[in-house]
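Here are some short exercises, each with a worked solution to follow step by step. Keep the viewer open and try each task before reading on.

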Amino acid sequence: MTARPPCRLAALGVVNALGADPESVWRGLLAGEPARLSWNEALVPGRRLLVGAVSDPLPEVPAALARYACRNNAMALAALAQIEAPVRAALARHGAARVGVVMGTSTSGVADAEDAFRWQRAHGGLAPSFDYAQLEFGGLAAFVADRLGASGPAFTLSTACSSGARALASARSLLAMGLCDAVVAGAADTLCGLTTNGFAALQAVSEGVTNPCSRNRAGLTLGEGAAAFLLLPEPGGIQLTGVGESSEAHHMSAPDPTGAGAEAAMRGALADAGLAADAIAYLNLHGTGTPLNDAMECQAVERVFGTSLAVSSTKPLVGHALGAAGALEAAFCWLVLAQSAPGVLELPPHCFDGERDPELPALHLVGKGESVRVEGPARVMTNSFGFGGNNCTLVLERS
Amino acid sequence: MSANGPATRAHVLRWSAWSPGLEDAPAWERWAAAPAPLATEGHPAAAFLPAMLRRRCTPLTRLVLTAAFGALAEGERPRVRTVFATRHGSINESIELLHQVVAQERLSPTKFSHTVHNAQAGLFCIAAGNRQASSSLAARADTFACGWLEALTFLERDPATPVLLVTSDVPLDATFAALVPEPRGAYGLGLLLARAGDGPGFDLDLDGRGEAGARPWPDAAEFLRSLLAGEARLALGRFGWTRAA
């Protein structure tokens with residue numbers, strides 16, 4: 001088998017409940033406390049929910065792009081602004097037509113569409129600030145491309161919670177096919193009434209902070225955020241070396257309890273990266289804290305890796321940002337590789353109530369302050385398992 | 001391994017399309033000879049689906065699953081990878097849910113599950129017993145072309161496994177229709193794509209220079225017309241398809 005062409009994750013912009021730049025997010029991950037989650041009484045009638053809301057001010061969508069002006073695009077812009085210089089350099093070097101955009105989202109501008117519908121109830125027409133470009137899924141990638149002046153292919157993937165991971169996978173392939181010389185890829189999702197009430201109706205939302213792998217786990221904590229990477233077809237730095245994909249073919253809102261789909265995605269990513277399981281130093285779990293996800297994921301992890309691999313779910317720290325989660329957790333893995341000193345990886349701890357579910361395999365859940373030693377290239381993995389049964393696992397490597 | 005040909009090439013091994021009044025291959029052959037705007041009302045019976053699943057299907061889901069199953073032999077259903085391209089997806093059904101959210105009413109969990117953008121992908125995988133890789137996307141006026149491109153990314157990762165690309169939309173509800181100038185029509189097109197095999201091969205490029213909105217039927221139908229006419233070159237916006245010799 002010939003080696004895959006290189007794919008460098010050359011720059012990262014990130015925003016979520018922990019902060020609006022890589023340093024703040026990294027500090028928050030290592031602190032390992034759900035301190036930045038906040039209570040919300042507006043999203044679900046009659047319920048008080050803990051959510052991972054972004055509290056940092058978001059940049060304004062420029063007036064020339066006013067039709068795209070919604071919170072979800074402002075979220076994307078907050079991440080994009082952090083990588084603007086290297087993206088501009090890529091545009092100047094390769095030309096606008098050679099720079100592509102692949103974004104993921106599950107919400108697009110639904111939150112602003114809800115405001116437009118509220119206005120309609122009071123005034124009889126949709127709010128004048130509303131434009132369909134805010135709501136349609138393709139609008140996110142179109143906004144990013146227009147904002148950057150990139151004129152290569154631009155599309156939005158929406159496969160629920162795996163959208164952000166898939167965006168990176170597709171971006172890597174666009175580079176490998178030679179259709180683009182640089183791709184901006186990532187995801188953005190925004191807290192909104194539709195999704196929160198939908199998951200509440202499915203009885204999937206926890207009252208308090210999500211509690212992954214605990215015997216007391218009772219559902220997910222929702223969140224929001226965005227991550228944007230610049231991907232270049234060059235060696236060095238941090239590489240996207242593995243993509244694994246599968247579908248559940250089981251149920252629209254529940255995974256196969258055996259974890260077969262999750263296992264196939266992890267094994268696929270290892271095979272794509274040309275690695276044995278023991279080459280992975282850390283796994284960022286999907287770890288939503290729902291009874292079914294954690295049960296099937298822990299079983300699948302044990303079958304692929306045994307129980308010694310260091311694993312954690314970062315969702316108690318930031319909430320589950322759904323369509324953005326795959327890109328955000330790839331960003332967390334990127335930070336693990338970028339911020340750690342050579343030979344050692346500092347890891348985000350697994351934050352929960354400490355009461356392990358005795359029914360689950362006893363995985364090595366990362367403790368606070370824990371790090372792992374690595375010899376040679378450091379490789380980490382992240383799992384994203386989407387509602388509707390869409391799975392995507394990524395492997396990142398620092399040589 | 002059947003991996004040959006450039007990374008931008010895909011062969012159309014089989015196709016299947018459905019639009020009201022254009023319900024089999026001979027009807028589409030006649031349409032391609034004298035193309036006209038597609039009908040906007042009506043959806044397929046999808047009698048191949050189990051009754052319980054069929055009852056829950058939206059018009060879009062029936063179109064998608066009819067086009068998907070029509071492009072596959074029975075033994076291929078669990079084996080292909082899938083890409084679902086739809087500009088509007090389940091937006092029409094989401095409108096009802098948005099009104100309920102604004103009115104602070106409880107949502108139906110089933111209706112919520114069936115309006116996510118990848119609902120048709122999930123339902124296809126369940127109905128077909130398919131556990132392969134799958135993607136769902138939207139790209140405004142470029143949705144068909146970007147669906148093709150996403151299918152090429154699947155072939156880049158694994159040239160040996162065919163990819164089923166399904167492009168489908170229904171006319172946008174009156175709530176939003178005036179905001180979106182586009183050719184209207186209810187349709188689903190399934191294309192079984194592979195890096196090599198029996199069926200015309202196409203090389204995709206980004207030098208299309210096609211006129212956007214140049215014709216009153218959707219891009220997916222225009223691709224099918226060009227395919228059936230045996231044309232050497234098709235441009236849709238910036239995307240170009242050149243038939244391989």
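Two strands pair if DSSP finds at least two bridges between them. Helices (H or I, at least four residues) and strands (E, at least two) are DSSP runs, numbered from the N terminus. This is a predicted model, in which local features need pLDDT of at least 70 and side-chain atom pairs count only at pLDDT 80 or more, while totals for chains, interfaces and linings use all residues. Residues are numbered from 1 along each chain as its sequence is written, and chains are lettered from A and ligands numbered from 1 in the order in which they are written.

**Exercise 1. Across the two chains**

Find the strand of chain B that pairs with β5(A), and say in which sense the two run.

Step 1. Strand β5 covers residues 154-157 of chain A. Its partner is β3(B), residues 134-138, and the pairing is antiparallel with 2 bridges.

Step 2. For a landmark, look at A:Thr156, which lies opposite B:Ala138 of β3(B).

Step 3. Now widen the view to the whole contact: 54 residues of chain A and 50 residues of chain B take part. Here, two residues are in contact if their C-beta atoms, placed from the backbone, lie within 7 Å. On the chain A side, elements giving two or more residues include α4, α6, β5 and α7.

Step 4. Sort the chain A side by character and you get 25 nonpolar, 21 polar and 8 charged residues. For this count, Ala, Val, Leu, Ile, Met, Phe, Trp, Tyr, Cys and Pro are nonpolar, Asp, Glu, Lys and Arg are charged, and the others, Gly among them, are polar.

**Exercise 2. Helix against helix between the chains**

Work out how α4(A) and α4(B) are set against each other.

Step 1. The packing angle of α4(A) and α4(B) is about 70°, and their axes are 9 Å apart. Axes are lines fitted to C-alpha atoms, for helices over the stretch in contact, and angles run from 0 to 180 degrees between N-to-C directions.

Step 2. That angle makes α4(A) roughly perpendicular to α4(B). The classes are roughly parallel under 35 degrees, roughly antiparallel over 145, roughly perpendicular from 65 to 115, and oblique for the rest.

Step 3. Next comes the handedness: α4(A) and α4(B) cross in a right-handed way. A crossing is right-handed if the near helix is turned clockwise from the far one by less than a right angle, and left-handed if anticlockwise.

Step 4. Pick out the residues that meet: A:Ala113, A:Glu114, A:Phe117, A:Arg118 and A:Arg121 on α4(A), and B:Leu98, B:His99, B:Val101 and B:Val102 on α4(B). By character, this contact has 5 nonpolar, 1 polar and 3 charged residues.

**Exercise 3. A helix pair inside chain A**

Describe how α1(A) packs with α12(A).

Step 1. Helix α1(A) spans residues 22-31 and α12(A) spans residues 325-339; they pack at about 95°, with axes 10 Å apart. The two helices are therefore roughly perpendicular.

Step 2. From α1(A), the contact uses A:Pro22, A:Val25, A:Trp26 and A:Leu29, and from α12(A) it uses A:Phe332, A:Leu335 and A:Gln339. The tally is 6 nonpolar, 1 polar and no charged.

**Exercise 4. Two enclosed strands**

Decide how β14(A) is placed: how many of its residues are buried?

Step 1. In β14(A), residues 378-386, 9 of the 9 residues are buried, so the strand is largely enclosed by the rest of the structure. A residue is buried if 20 or more other C-beta atoms lie within 10 Å of its own, exposed if 12 or fewer, and partly exposed in between, with C-beta atoms placed from the backbone.

Step 2. Check its neighbours. β14(A) runs parallel to β9(A), joined by 3 bridges, with A:Tyr282 opposite A:Val380. With β15(A) it pairs in the antiparallel sense over 9 bridges, and A:Ala378 faces A:Arg398.

Step 3. Look at the turn: β14(A) and β15(A) make a hairpin with 3 residues between them, where A:Gly388 has a positive phi of about 90°.

Step 4. Repeat the check on β2(B), residues 81-85: 5 of the 5 residues are buried, so this strand too is largely enclosed by the rest of the structure. β2(B) runs parallel to β4(B), with 5 bridges, and parallel to β3(B), with 4 bridges.
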